[in-house]
Every structure is written in structure tokens, then in C-alpha cells.
Amino acid sequence: MNLRRLIVIGIPFTWLLLFFLVPFVIVIKISLSDPAIAIPPYSPTLELSGGLAGLKAFFSQLDFENFTFLTLDPLYYTAYLSSLKIASISTLLTLAVAFPMAYGMARAPEEWRATLMMLVILPFWTSFLIRVYSWMGILGKEGFLNMILLWLGIIDEPLTILNTNTAVYIGIVYTYLPFMILPIYSTLEKLDLSLIEAAEDLGCTRTSAFWLVTVPLSVPGVVAGCFLVFIPALGEFVIPSLLGGSDTLMIGKVLWEEFFSNRDWPVASAVAVILLAILIIPIILFQRNQQKQLEGDQ
Amino acid sequence: MKKLSWFNLTTLTLGFAFLYIPMIVLIVYSFNGGRLVTVWAGFSTKWYGTLFHNEAFLDAAWVTIRVAVATATLATILGTLAGYVLVRGGRFWGRTLFSGMAYAPLVMPDVILGLSLLLLFKVMFGSMGMTTIILAHTTFAMCYVSVVVSSRLLSFDKSLEEAASDLGATPFDTFMSVTLPIIFPAVLSGWLLAFTLSLDDLVIASFVTGPGATTLPIKIYSAVRLGVSPEINALSTIMIGIVTVGVLTASLLNKRKVVQRLKDEKAAN
């Protein structure tokens, strides 16, 4: 291997090793440590000056205490379960909103499509935080939605939506919608319309042609979109923190509070390790799905 | 040309209303004269005035822009290299590990990235500040750049590079005079993507920030945690305005290019 090739591969490789892989090793190590009133607030810390004996002493002090703690305190496993529930339900809701939109876009006259596409992408470039924040002014007790509904006479007193799980669902569907629309749109746009005509010629009704031809062919896009919503939603922090209530339990929020409010680094690390373990399976499935699509295109 | 059915037209209208009404409401209320966000007290631009006299916000904006420019530049260099290695790198030791590491940050929750980087920086530097935010942002932004660049590299004709090297160009010359000009649009959009990602990040920056390095999202988050604020509405309106102008310009330029290309193709036929 020549020097130049070594440099080209070496620079990004070293960067990712140092700033992506090594930090995970540290997280795992700290999740096995004990909290301590010190800087940094955990023990043991690794002293390389201690030599082999020091290393041995270091490893002997690591244990699974924090993980035992996580299984004993119901707060944590309820938080994991409730994150899974919220992420799954909001993924399905996003799909329900995104599919008709992607379908409409793919059926729109060709000269509209670029504009429609831009309208989907524009929110993606706008600050995530601001898009979440914009719902605070709408869903609040004196917010825009209640104002309209009261004015129309649909309700007599303001609805409580902000700081409930409903607001979290709305927030996730809203912010992740483009991630669901884009992959579905790209499979629907590629779909050969003559297949549907063929199905109709062979006696299918419109509806059954839709369910028998369009839906099966859009599966790769739907799967990709679902992963793109589900995986980040599971560890979401901003949405439950701004739109959710005190009873909205999501693991990203628990980790944040464990770290910033309780200053318990070892437990925060253990929470992160388990979240990662839960995410590994969907992440691998997602990469497989992407790989399959890539191969299908070629 | 087939027209849209009623059903499709309705879903598209409702869908785009859902996407845009929150932002429109936000913009309208940023021009509200009263402090109460829900009661319309006449048109006024006073919140923009208070915003521009708020030192804390201006400082945070300046920090954020410097971090975003540094991040975007570093991430573009590293991400372009990574994308190149992924597509043209051939076989080398640790390739699977490398591609895994290049994709994983795309889907990794921010809380995990933030926590793990903070723990690393505590060991490495001890103290935090703008540098640690830049390093952290570069790490996840380079992966987005690498995806954009590698998809462009996959789609262009490899024989152009082969021709250059057949004609005696060194790999470096080939990269500089053939590959880079072709992938340049992707590199540019990678830079913009990295810039926006850095500008937007709250969670990772909160973990790895230090004294004197408060970014705009951190500032916004601490201001809105307790409720809606008219100053933040004004700030959001400015940010939405900048993005809208940027995206519109980019898509108009792109449209012009497409139209030009179609014309050229017609002329060639």
C-alpha cells in the first residue's frame, strides 16, 4: 500500500475511530463504574502509572451494579417500554399521513413535482427546534387551535393538548414527515404505470389494483421511511421535553435528566448502553434494507 | 397531461397545510404587539427591535455561525475523503468497520452521541468550549457529507477517471482535475448540509459545551422551555426567512440548469 493511499484512508478512519468508536468504549466502561463525588464524578478512574497491578485493580472494581439498578427501578423499564410504544405509534401515524401525500405527489402532473418536492424538503432545512417550538403556540390552552375551535363553537372550553402524549405524537409526525414522504415518493415515482393498467385490463377494480400492485411495490420505500422515523424517534429528547408532560416518559429525556439534573454519569451511561442495545437490531435491519435497494437499482 | 384526482388534491392540500400552518402562525405572531402570544394586539415589529438589542442572543448567534462554518469546512474535507474511500477505496484492512462507522452516526440518537463525546473530551481535554462543539459536530456531519458524496461518486462514469490515468495522470492529479470537478455540486451541498446540521443541533452541543460557548439552539431551548416567547417568534421568523430564500434560490438555479440542459439536448437532436 503506498503512502498516499494510506493517508487518504487513514485520515477519516482515524477520526471516526477516535471520535466515534473510542467514546463508546468509554461509555461502556463508565456504565460499569460507581458514581463518586469527585471530578470526574465516577470511580474507578484508570491510572496508567499503576502498571499491570493498577490495571488489575481497575478491572476488579468494575461491576454490573448500574444495570441491576436499572432493572430494579420501574422508572427505567417503563421509560424504555413507553419510548417503544410512542415511537411505534408515531411511526404508524406518520406512515398514514405520508403515504397519501407521497401517492398524490407521484400522481401529480410532472411540471408540479419539482415544486411539491421542494415544499417537502423546505421544512427539513428549517431548524428542528423551531418546528417543534411552533406547536407550543398552537396546542397550548390559549393557543391557536383552541382559539379557532372555540370561535367556531366546536368546543365550549379549551382542550388540554400541550404537555400530553398527544402533543408528542403530533410533534413526531410533524417533524419526521419529510423522512417518510421522500423514500415512499421515490419508489412510487419509479413505479411502472402500465402494471396498474395491466391489472385493470385483467379485471381488477381500481381499489384492488392499488392493494395488489401499488402497495406491494412500494414496500421498500415504506420500510426505509419507517426505520428513518422509528430509530431517531426512540431516542428523541427535544419533542417530549417541549411538548410532552411530566408523565411523558421517554428514554432520551430520562438519560438527559440523569446526566444534567442528577449528575449520575454511570447510570446515564448504563441507560445509553441499553438504548444502543435496543437500537442495534433496527439499525442492522435498516442497513440491510438499504443494501437490498441499492442492489435492486443496479 | 392527466389531472390530479379530487382525492389526491385533497390529501396534498391537507398535508401541506399541516406542514406549513404551524410556521405561518409562528411568523404571523412574531408581528404581534402584545407580550401575550395568543391575544392579537396589533401589528408591530418591536420584538425584532428587542431581539437586535439582546446581547446574549447576538453573542450566541455569532458563536453558532463560527461553529457552523468551521464544522462544515472540516466535515466536508473529512466526509469527501470518507465517501471517496467508501466508493473507490477498494479492499483494505478494517473496511467493514470503516463503513459501519461512517453510516452509524446517521441513525444514532443524539443523546448517545452527546454523552459519549462528552466522556471522551473529559478524558482528552478536561475542559469544554467551542473547539469541543466543532469536533463533535464534525464527527456526525462528516457522515452526511460522505453519503451525499458517495452517492454522486456511484452515479458517475468511472471510465473518465480511467482515461485520465491511462493518459498518465497520477491518482492525485486525476482526483483534482477529473473527480473533484465532477463531484463538486455534491461537495457543495454536503457543505451546506453540514452547516445546517451544526446550526440546528441542540442535544450534542448541550453535552459538549463549556463556558462562553452557548450556541443559539441552547439559548432558544432555555428560553422556550417554560413557554412561548415573542422574541423567539421573531428570531424563528428570521431563521425561516433565510432558509426559504436559500432553498428557493437553489431550486430556481437548479431549474434553470435543467431547462438549459433540455434545450441543449433538443438543439443537439
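Here is a quick tour of chain A in this predicted model, and of where it meets chain B.

Let's start with the overall make-up. Chain A has 14 helices and 2 strands. Of its 298 residues, 42% count as buried. If you look at contacts in chain A with a separation of 6 or more, 72% of them are between residues 24 or more positions apart.

Now for a helix that is tucked away. Helix 13 of chain A covers residues 251-260, and 8 of its 10 residues are buried, so this helix is largely enclosed by the rest of the structure. Among the buried ones are A:Trp256 and A:Phe259, along with A:Lys253 and A:Glu258.

Go past helix 13 and you reach A:Arg263, in the loop that leads to helix 14 (265-297). A:Arg263 has a positive phi, and so does A:Asn163, which sits in another loop, between helix 7 (144-152) and helix 8 (165-190). Why look twice at a positive phi? Because most residues other than glycine have a negative one. Here are the two side by side:

| Residue | Phi | C-beta neighbours within 10 Å | Exposure |
|---|---|---|---|
| A:Asn163 | about 65° | 19 neighbours | partly exposed |
| A:Arg263 | about 55° | 12 neighbours | exposed |

Next, the meeting of the two chains. How many residues of chain A are in contact with chain B? The count is 69, and they touch 62 residues of chain B. Helix 1 of chain A (residues 3-31) gives the largest share of chain A's side, with 17 residues. By class, that side of chain A splits into 55 nonpolar, 11 polar and 3 charged residues.

One helix pair across the chains is worth a look. Helix 5 of chain A and helix 11 of chain B (residues 230-268) have axes that come within 10 Å and cross at roughly 145°. The crossing is right-handed. From helix 5 of chain A come A:Ala114, A:Met118, A:Leu122 and A:Trp125, and they meet residues of helix 11 of chain B including B:Val243, B:Val247 and B:Lys255. This contact has 6 nonpolar, 2 polar and 1 charged residues.

Helix 5 of chain A, which spans residues 110-125, also holds A:Leu119. Is A:Leu119 buried or partly exposed? A:Leu119 counts as partly exposed, because it has 18 C-beta neighbours inside 10 Å and a residue needs 20 or more to be buried. From A:Leu119 to A:Gln290 is 171 residues in sequence and 25 Å in space, going from C-alpha to C-alpha.

Methods
Residues numbered from 1 in each chain as written. Chains lettered and ligands numbered in written order. Predicted model: local features only at pLDDT ≥ 70, side-chain atom pairs only at ≥ 80, totals over all residues. Helix = DSSP H or I, 4+ residues; strand = E, 2+ residues; numbered from the N terminus. Axes fitted to C-alpha atoms, helices over the stretch in contact; angles between N-to-C directions. Left-handed = near helix turned anticlockwise from the far one by under 90°. Contact = placed C-beta atoms within 7 Å. Nonpolar A, V, L, I, M, F, W, Y, C, P; charged D, E, K, R; others polar.
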